[in-house]
Amino acid sequence: MIMNNEVRKPDDATLILTRLLNAPQELAFRAWTSSEHIQQWMQPEPGMVVPFASMDLRVGGKFRIQMKKPDGEFFTAVGEFREVTEPERLVYTWDWEKDGSGEEFGEAEGKPTLVTVEFLKRGDRTEMVLTHSRFTTVASRDSHAQGWSKIADSFARFAEKEGD
Amino acid sequence: MVEYRSSLLDRTFGALADPTRRQILAQLAKGEECVTDLAKPHAMSLAAVSKHLIVLEKAGLVKRRRDGRVHSLALEAKPMKEARAWIDRYRKFWEGNLDQFEKYLDKLQTKETKPDDHE
């Protein structure tokens, strides 16, 4: 059963990923949102580590996740929570720090995107839906998706034809 | 994280945010058209349509060809390819993280269900 009204149609400005997790909803939510857990699992590429993570899990609260490549380069994500509905839904902005190597919040690039994470109860398991969009509000993202879906197919065909 | 940003991409998405401009792109997806023909289906002046065309041009989504006084517009595919590249990079980023997240949840539960299994 679909438990919310999210627009699930992907377009060229929105990435949508779905996973069925072998874990109860509460545990999945806790592991995703607590800094101690994040430091254990967050690894976008092999060899990357998270030397520092902080999560102020409330609407208006900020987070900072510092990721480090084996060659020492830092990738530090920062953002602000827009929605916190434990244990099922999170909406937060996502930006990168320009430098990222500091111990405290540094200057961000100032180009936030929007991440929505949902944990939907499926018996003992949990369906996780991660949406990452170029747009910084759910409303503008969905309005774009609706308009975009009308022309996406013809445009994609054109891009393939012309692109090579 | 420099590879995730692009000012051209910002202009691309800014240009796509308007329904009239999306409609113009849909018209052009069928092939090149002159400005007057492009303006016909829209309930607005030629000048207003021209303004939208300039936004699309600046975003790199369309290119203009001049034949005397007749200006024709055609789609430009590159920005859409860049838009897709943005999605692909974040797909890789999150897929990598989600793989690790799943493994970690498994590990957590093995620990939680076997409290005697101390290392």
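**Notes on the predicted model of chains A and B**

1. A good place to start is the middle of the chain A strands: S3(A) and S4(A) run antiparallel and are joined by seven bridges. Within this pairing, Arg64(A) has Val78(A) in S4(A) as its bridge partner. The two strands make a hairpin with five residues between them, where Gly72(A) adopts a positive phi near 95 degrees. Please keep in mind throughout that this is a predicted model.

2. On to the neighbouring hairpin. Strand S2 (residues 49–55) of chain A pairs with strand S3 (residues 62–68) of chain A, antiparallel, over five bridges. Phe52(A) is matched with Gln66(A) in S3(A) as its bridge partner. Six residues separate S2(A) from S3(A) in this hairpin, and Gly60(A) in the turn has a positive phi of about 90 degrees. For context when you check the backbone angles, most residues other than glycine have a negative phi, and most peptide bonds are trans.

3. The next hairpin has a detail worth a look in your viewer. S4(A) and S5(A) pair antiparallel over six bridges, with three residues between the two strands. Thr85(A) has Arg89(A) in S5(A) as its bridge partner. In the loop between strand S4 (74–85) and strand S5 (89–96) of chain A sits Pro87(A), and the peptide bond that leads from Glu86(A) to Pro87(A) is cis, with omega near 0 degrees.

4. Now the packing. The largest nonpolar core holds 27 residues, of which Ala28(A) and Ile65(A) touch the most other members. Both chains contribute: helix H1 (25–33), helix H2 (35–41), S3, S4, S5, strand S6 (113–122) and strand S7 (125–133) of chain A, together with helix H5 (78–113) of chain B, each supply at least two residues of this core. S6(A) gives the most, with five residues. Leaving aside residues up to four places away in sequence, Ile65(A) touches Ile38(A), Met42(A), Val50(A), Ala53(A), Thr76(A) and Ala77(A). Another core, of 14 residues, lies apart from the largest one and includes Ala15(B), Leu28(B), Ala59(B) and Val62(B).

5. Chain B has five helices and three strands, and its elements follow the order α-α-β-α-α-β-β-α from the N terminus on. Its three strands form an open antiparallel sheet in the order S1-S3-S2. Strand S1 (33–34) and strand S2 (62–67) of chain B are the edge strands, each pairing on one side only. S2(B) pairs antiparallel with strand S3 (residues 70–75) of chain B over six bridges, and here Val62(B) stands opposite Leu75(B) in S3(B). Helix H2 (residues 19–28) of chain B lies across S1, S2 and S3 of chain B, at about 90 degrees to S3(B).

6. Two figures on the makeup of chain B: 22% of its 119 residues count as buried. Among its contacts with a separation of 6 or more, 58% come from residues 24 or more positions apart.

7. Finally, confidence. The model scores ipTM 0.82 and pTM 0.71. Chain B has an average pLDDT of 83, and 85% of the residues score at least 70. Among the elements of chain B, S1(B) has the highest mean pLDDT (94) and helix H1 (residues 7–16) of chain B the lowest (72). Over residues 1–5 of chain B, pLDDT stays under 50, and the model has seven contacts beyond four places in sequence for them.

Notes. Residues numbered from 1 in each chain as written. Chains lettered and ligands numbered in written order. Predicted model: local features only at pLDDT ≥ 70, side-chain atom pairs only at ≥ 80, totals over all residues. Pairing = 2+ DSSP bridges. Helix = DSSP H or I, 4+ residues; strand = E, 2+ residues; numbered from the N terminus. Buried ≥ 20, exposed ≤ 12 C-beta atoms within 10 Å, placed from the backbone. Contact = placed C-beta atoms within 7 Å. Axes fitted to C-alpha atoms, helices over the stretch in contact; angles between N-to-C directions. pLDDT = per-residue confidence, 0-100. Core = buried A, V, L, I, M, F, W, Y, C linked by C-beta atoms within 7 Å.
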